[in-house]
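I opened the notebook today to look up a few places in this structure, taking them one at a time. The entries below follow the order in which I went through them.

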Amino acid sequence: MELSRRLRLKPGDRVHLLAVDPAGTHGFEKGEELDKALAKNVARLDELQYLLYAEHRRALLVVLQGMDASGKDGTIRHVMTGFNPQGCRVTPFKTPTPVELAHDFLWRVHQVVPGKGDVAIFNRSHYEDVVVVRVHKLVPTNVWKGRYDQIKDFERYLAENDVVIVKFFLHISKEEQKQRLQRRLDDPKRQWKVSLSDFEDRKQWKDYQRAYEDALTECNTKEAPWYVVPADKKWFRNLAVSQVLVETLEALDMRFPKPTVDLASLKLD
């Protein structure tokens, strides 16, 4: 079975993160063969991105969500390295600026949606506006609940305008997060990444899990599916994300456009 089918959530099903093993590997094992498979996927993504750009009919939007230290940066570094930077843009969604707060919550998102032929990667995304704002009570309940339908409408609109959307939730356990945060504290080269909010958010782990479960349940559609990727083991996380992207792009059955000139009539001096 394709890995994407195993990891993709079924629209309409209630999501229970406790039912998904964060350390699961779906039968894959770490080793040389796994490394070769990842390298093959990364190389294939390079080919598929080139085809996406040449065909110039569709765009690819990759959304990465997860708890702190779940591996969003690592996924971009190890998997997206196969993409040509000329046609790929990574956008981190941090705390909204005063200008962004003066607009609707999707305003800053729409500005960085990829154009046809391009790839966009969101490191966090518009889902912060139904997760973080809920946990920290930054907006009233009726406001963040109303955003579920707004997000679905927005993503459906993008899909109808030829944006292929792939959303990954990197599912990490609380114990694995503790170990990764501790490594940041102990490693001088990683200490710059330490944030007080990481430790404060950890205290609200259950609230975040519930908020993500609701977001994944409410905003999982055929046009913009969610994939829950076990992320305790980085090597499997990387393989899974790369494999889903390869399978998604290959399913588009892209074709190179025909030449716009008569090649037979061209001669080099």
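How much space lies in the second largest pocket? I am working from a predicted model, and in it I find about 370 Å³ of space in that pocket. I then looked up the lining, which is made up of 21 residues, and noted that the closest to the pocket centre are Arg8, Lys222, Pro225, Tyr227 and Thr248.

Next I asked which elements give two or more residues to this lining. They are helix H1 (3-7), strand S4 (163-171) and helix H11 (234-250), and of the contributions to the lining that of S4 is the most, with three residues. By class, I wrote down 10 nonpolar, three polar and eight charged residues for the lining of the second largest pocket.

**Entry on H2 and H11**

Having met H11 at the pocket, I turned to how helix H2 (residues 32-55) packs with H11, and I read an angle of about 35° with the axes 9 Å apart. The crossing of the two helices, H2 and H11, is left-handed.

Which residues meet there? From H2 I listed Leu34, Ala37, Leu38, Asn41, Arg44, Leu45 and Leu48, and these meet Trp235, Asn238, Leu239, Ser242, Gln243, Leu245, Val246, Leu249 and Glu250 of H11. Sorted by class, the contact of H2 with H11 has 10 nonpolar, four polar and two charged residues.

**Entry on Lys116**

I looked up Lys116 next, and found it in the loop between helix H5 (107-110) and strand S3 (119-123). Is Lys116 buried or exposed? Neither word fits, because its relative accessibility is 43% and Lys116 therefore counts as partly exposed, the class that runs between the 20% and 50% cut-offs.

Setting aside neighbours within four places in sequence, I noted that Lys116 is in contact with His56, Arg57, Arg58, Ala59, Asn161 and Asp162. I also checked Lys116 against Leu52, and the two are 64 residues apart in sequence while their C-alpha atoms are 8.3 Å apart in space.

**Entry on Gln177**

Gln177 has its place in helix H8 (residues 174-186). Why does Gln177 count as buried? Its relative accessibility is 0%, so Gln177 counts as buried, the cut-off for that word being under 20%.

With neighbours within four places in sequence again left aside, the residues I found in contact with Gln177 are Met67, Asp68, Ala69, Ile172, Arg202 and Trp205.

**Entry on positive phi values**

I then looked at backbone angles and stopped at His26, which has a positive phi of about 55° although it is not a glycine. His26 is found in the loop between H1 and H2, and I recorded it as partly exposed because its relative accessible area is 35%.

Arg124 also went into this entry, since its phi is near 70°, which is a positive value in a residue other than glycine. I placed Arg124 in the loop between S3 and helix H6 (128-135).

**Entry on Arg5**

My last look was at Arg5, which is found in helix H1. Is Arg5 buried or exposed? Arg5 is exposed, because its relative accessible area is 54% and the cut-off for that word is over 50%. How far apart are Arg5 and Glu176? I read 171 residues in sequence and 26 Å in space, C-alpha to C-alpha.

Technical notes:
Residues are numbered from 1 along each chain as its sequence is written. This is a predicted model: local features need pLDDT of at least 70, side-chain atom pairs count only at pLDDT 80 or more; totals for chains, interfaces and linings use all residues. Side-chain values use heavy atoms; hydrogens and water are left out. On a 1 Å grid over the protein atoms alone, a cavity is a set of points where a 1.4 Å probe fits but cannot get out, and a pocket is an open set with protein on both sides within 12 Å along at least five of seven lines; lining residues have an atom within 4 Å of a point. Grid points are joined across faces, edges and corners, and a volume is the space filled by probe spheres set on the points. Helices (H or I, at least four residues) and strands (E, at least two) are DSSP runs, numbered from the N terminus. Ala, Val, Leu, Ile, Met, Phe, Trp, Tyr, Cys and Pro count as nonpolar, Asp, Glu, Lys and Arg as charged, and the others, Gly among them, as polar. Buried means under 20% relative accessible area, exposed over 50%, partly exposed in between (1.4 Å probe, protein chains only). Contact means heavy atoms within 4.5 Å. Axes are lines fitted to C-alpha atoms, for helices over the stretch in contact, and angles run from 0 to 180 degrees between N-to-C directions. A crossing is left-handed if the near helix is turned anticlockwise from the far one by less than a right angle, and right-handed if clockwise.
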